[in-house]
Amino acid sequence: MMRRRTLGLAVPAGLALAALRPGAARAQAGGDYPNRPIRMIVGFAAGGGTDITARTLQPKLQQLLGQSIVIDNRPGAGGNLATDLTVRAAPDGYTLLMGTIAALAINPTLYRNLSFNPQTDLTPISQAGSILNVLVVPVDRPWRSVAELIAAAKARPDTITYGSSGVGGAGHLAGALLDQMAGITTVHVPYRGGGPLMTDLVGGKVDYAFSTAPTAIPQIEAGKLRALGVPTLARSPLLPQVPTVAETLPGYEVGNWYALVGPRGLPRPIVDRLAQAMRATLEDTEVRRHLATHGVEPTPSTPEELGRFIRDETAKWAPIIRASGATVE
């Protein structure tokens with residue numbers, strides 16, 4: 001009776017027995033996490049910016065967590081397939097998502113019948129990084145500036161094509177915003193990731209793309225692509241000779257970022273363990289050096305900061321997407 005009055009409730013027998021099992025309390029609180037390999041889902045094909053970033057973080061995270069991390073590429077629907085797999089996974093910390101601006105902030109507005117809400121169905125862990133995109137064209141195209149590309153698109157409406165790593169991604173948004181601000185109409189060609197896009201872009205099957213720096217810069221240096229601009233307000237130290245698109249279209253800016261999230265209901269001790277490991281990884285000198293060569297700026301954060309960031313980005317892009325008229329069933 002005294003125990004019942006002290007606790008304020010009666011404990012079901014099954015739960016009471018479970019609580020007495022060795023290690024049960026630690027497991028429930030995430031005290032023994034992780035004790036087996038972790039799956040990190042990437043919503044795009046291998047070889048793109050999201051995949052490269054995840055694989056750059058992988059070795060250090062494995063070292064800090066003491067378990068292997070398996071990268072699972074699940075391209076499709078602008079990252080929605082990967083996000084849906086994460087949403088449906090058990091909230092035990094063994095299925096995580098390297099999310100993108102598309103999956104976490106754009107798709108809720110872009111897709112009419114999305115089966116999940118990133119703000120309520122996922123657990124924020126930490127931002128990973130912001131990445132530079134580059135407006136590039138095959139070297140056999142005649143355009144040598146953003147202004148020349150815009151002039152060509154105005155002369156030939158609905159004929160010039162631009163590729164992206166998927167519907168709703170930063171590359172898609174950049175192209176849609178260019179159309180909107182420049183008063184042109186081009187044709188969007190979505191791919192299943194930055195790797196497949198780059199293959200066709202170098203081969204001249206699409207006219208231009210806003211590609212991530214990790215996939216674009218090697219092809220620029222190899223003389224296979226020509227860089228016309230970057231979608232940032234200031235020039236990038238990585239490509240200081242390349243002008244910003246804003247130098248032609250004042251105010252033009254499209255960011256691109258990655259973040260680590262898990263299923264809804266992830267226990268706080270596990271969230272904290274992962275957030276601490278992400279911060280330590282992103283502050284590691286060798287990891288930062290490697291990310292910098294790919295145009296990725298590390299942006300570690302607390303779970304709360306990431307949650308606010310996702311809300312702010314969703315609110316920022318929703319009116320732009322609606323104004324563009326872009327929707328996906």
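In this predicted model, the lining of the largest cavity comprises 8 nonpolar residues, 14 polar residues and no charged ones. The largest cavity encloses about 210 Å³ of space. Its lining is made up of 22 residues, and those closest to the centre of the cavity are T50, S165, T212, N256 and Y258. Several elements supply at least two lining residues each, namely α4 (49-65), α6 (101-110), α9 (170-182), α10 (194-202) and β8 (208-212). Over the whole structure, the search returns 3 cavities of 30 Å³ or more.

The second largest cavity holds about 80 Å³ of space. Its lining divides into 9 nonpolar and 3 polar residues, again with no charged residue. Residues I106 and L110 take part in this lining, together with G168, H172, L173, A176 and L177. The lining of the second largest cavity also includes W317, I320, I321, S324 and A326. At least two of the lining residues come from each of α6, α9 and α14 (303-324).

The largest pocket contains about 560 Å³ of space. It is lined by 31 residues, and S130, I131, L132, T232 and E297 lie nearest its centre. Charged residues are present here: the lining of the largest pocket consists of 16 nonpolar, 9 polar and 6 charged residues. The elements that each give at least two residues to this lining are β4 (122-131), α9, α13 (285-293), β11 (296-298) and α14. Helix α9 thus recurs in the linings of the largest cavity, the second largest cavity and the largest pocket.

The strands were examined next. An open sheet with mixed pairing is formed by 6 strands, in the order β2-β1-β3-β10-β4-β11. Strands β2 (69-73) and β11 stand at the edges and have a single partner strand each, so one side of each lacks a neighbour in the sheet. From one strand to the next, the twist of this sheet averages 30°. Within the sheet, β3 and β10 are antiparallel and are paired over 4 bridges. One of the bridge partners is V261 in β10, which is matched with L97.

Two helices that contribute to the lining of the largest cavity also lie across strands of the 6-stranded sheet. Helix α4 lies across β1, β2, β3, β4, β10 and β11, and it runs at about 165° to β2. Helix α6 lies across β3, β4 and β10, at about 65° to β3. Helix α6 is also among the elements that cover the buried residues of α5, as are β1 (38-42), β3 (95-100), β4 and β10 (257-263). The buried residues in helix α5 (residues 80-88) are N80, A82, T83, D84 and T86.

A further open sheet consists of 5 strands in the order β7-β6-β8-β5-β9, and its pairing is also mixed. Its edges are occupied by β7 (187-190) and β9, each with a single partner strand, so one side of each has no neighbour in the sheet. The twist averages 35° from one strand to the next. Strand β6 (residues 161-164) pairs with β8 in the parallel sense over 2 bridges, and Y162 has Y208 in β8 as its bridge partner. Helix α10 lies across β5, β6, β8 and β9, running at about 140° to β8. Both α10 and β8 supply at least two residues to the lining of the largest cavity.

Strand β9 runs antiparallel to strand β5 (residues 133-138), and 4 bridges join the two. Residue V137 has R226 in β9 as its bridge partner. Although β9 is an edge strand of its sheet, 5 of the 5 residues of β9 (residues 225-229) are buried, so this strand is largely enclosed by the rest of the structure.

An exposed position is found in helix α14, where A315 lies. Its relative accessible area is 52%, and because exposed means over 50%, A315 falls in the exposed class. Residues A315 and L260 are 55 residues apart along the chain, and 20 Å separates their C-alpha atoms. Helix α14 itself supplies at least two residues to the lining of the second largest cavity and at least two to that of the largest pocket.

Conventions. Residues numbered from 1 in each chain as written. Predicted model: local features only at pLDDT ≥ 70, side-chain atom pairs only at ≥ 80, totals over all residues. Heavy atoms only, no water. 1 Å grid on protein atoms, 1.4 Å probe; cavity = no way out; pocket = protein on both sides within 12 Å on 5 of 7 lines; lining within 4 Å. Points joined across faces, edges and corners; volume = space filled by probe spheres on them. Nonpolar A, V, L, I, M, F, W, Y, C, P; charged D, E, K, R; others polar. Buried < 20%, exposed > 50% of the residue type's maximum accessible area, 1.4 Å probe, protein only. Pairing = 2+ DSSP bridges. Contact = heavy atoms within 4.5 Å. Axes fitted to C-alpha atoms, helices over the stretch in contact; angles between N-to-C directions.
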